[in-house]
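Okay, thanks everyone for coming. I'll put the structure up now, and then we'll walk through it together.

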Amino acid sequence: MVRWGAFSCLLVPVVLVVYGNSAGEAASVALGLAAVTAACRVLLRRSERTAALSRTAGHHSARPGARRAPGD
């Protein structure tokens with residue numbers, strides 16, 4: 001999924017320039033897409049680590065704030 005984000009960081013600015021936008025606007029869009037892609041990558045890695053730790057600890061993942069049934 002992150003690879004598609006990186007690909008769009010390259011493709012979208014090229015398409016913008018081809019369709020008449022300035023290089024500066026295309027560069028701004030590329031930087032914005034790169035920032036969003038980087039943030040998504042960080043969140044994805046954190047989620048994977050949390051899931052792996054949960055599996056090794058033998059815990060079942062639950063929604064944050066979910067209530068447990070009595071006796072659990």
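Let's start with Cys40: it comes out as partly exposed, because its relative accessible area is 43%, and partly exposed is the band from 20% up to 50%. Keep in mind that this is a predicted model. Now compare Cys9, which counts as buried because its relative accessibility is 14%, under the 20% cut-off. How many disulfides does the structure hold? Zero. As a reminder, a disulfide is a covalent bond between the sulfur atoms of two cysteines.

Next, helix H2, which runs over residues 23-57. How far apart are its end C-alpha atoms? They are 51 Å apart, and with 35 residues at 1.5 Å a residue the helix should span 51 Å, so the two agree. Some residues in H2 are tucked away: Ala26, Thr37 and Ser54 are buried. Right after the helix you hit Gly58, which takes a positive phi of about 80°.

While we're on H2, let's talk charges. Side chains of opposite charge can pair when their charged atoms come close. In this structure there is one salt bridge, and the partners are Arg45 and Glu48, with the closest N and O atoms 3.5 Å apart. Both sit in helix H2, three residues apart, about one turn of the helix. An α-helix has 3.6 residues a turn, so residues three or four places apart point the same way. Are these two buried or exposed? Somewhere in between: Glu48 is partly exposed because its relative accessibility is 39%, and Arg45 is partly exposed too, with 44%.

Okay, over to helix H1, residues 2-18, where we find Phe7. Which residue does Phe7 pair with? That would be Trp4, and the pair is edge-to-face, with 5.8 Å centre to centre and 85° between the planes. The count for the structure comes to one aromatic pair. Trp4 and Phe7 are three residues apart in helix H1, so about one helical turn separates them. Trp4 is exposed, because its relative accessible area is 65%, over the 50% cut-off. Phe7, at 44%, counts as partly exposed.

Those two rings also belong to something else. Trp4 and Phe7, along with Leu11, Val14, Val15, Val18 and Tyr19, make a nonpolar surface patch of about 810 Å².

That's my tour, so over to you for questions.

How values were computed:
Residues numbered from 1 in each chain as written. Predicted model: local features only at pLDDT ≥ 70, side-chain atom pairs only at ≥ 80, totals over all residues. Heavy atoms only, no water. Helix = DSSP H or I, 4+ residues; strand = E, 2+ residues; numbered from the N terminus. Expected span 1.5 Å × (residues − 1). Buried < 20%, exposed > 50% of the residue type's maximum accessible area, 1.4 Å probe, protein only. Patch = residues over 30% accessible without salt bridge, like charges linked within 9 Å, V, L, I, M, F, W, Y side chains within 5 Å. Areas by Shrake-Rupley, 256 points an atom, 1.4 Å probe, with all protein chains shown as cover. Salt bridge = Lys/Arg side-chain N within 4 Å of Asp/Glu carboxyl O. Phe/Tyr/Trp six-rings, centres within 6.5 Å; stacked < 30°, edge-to-face > 60°. Disulfide = S-S within 2.5 Å.
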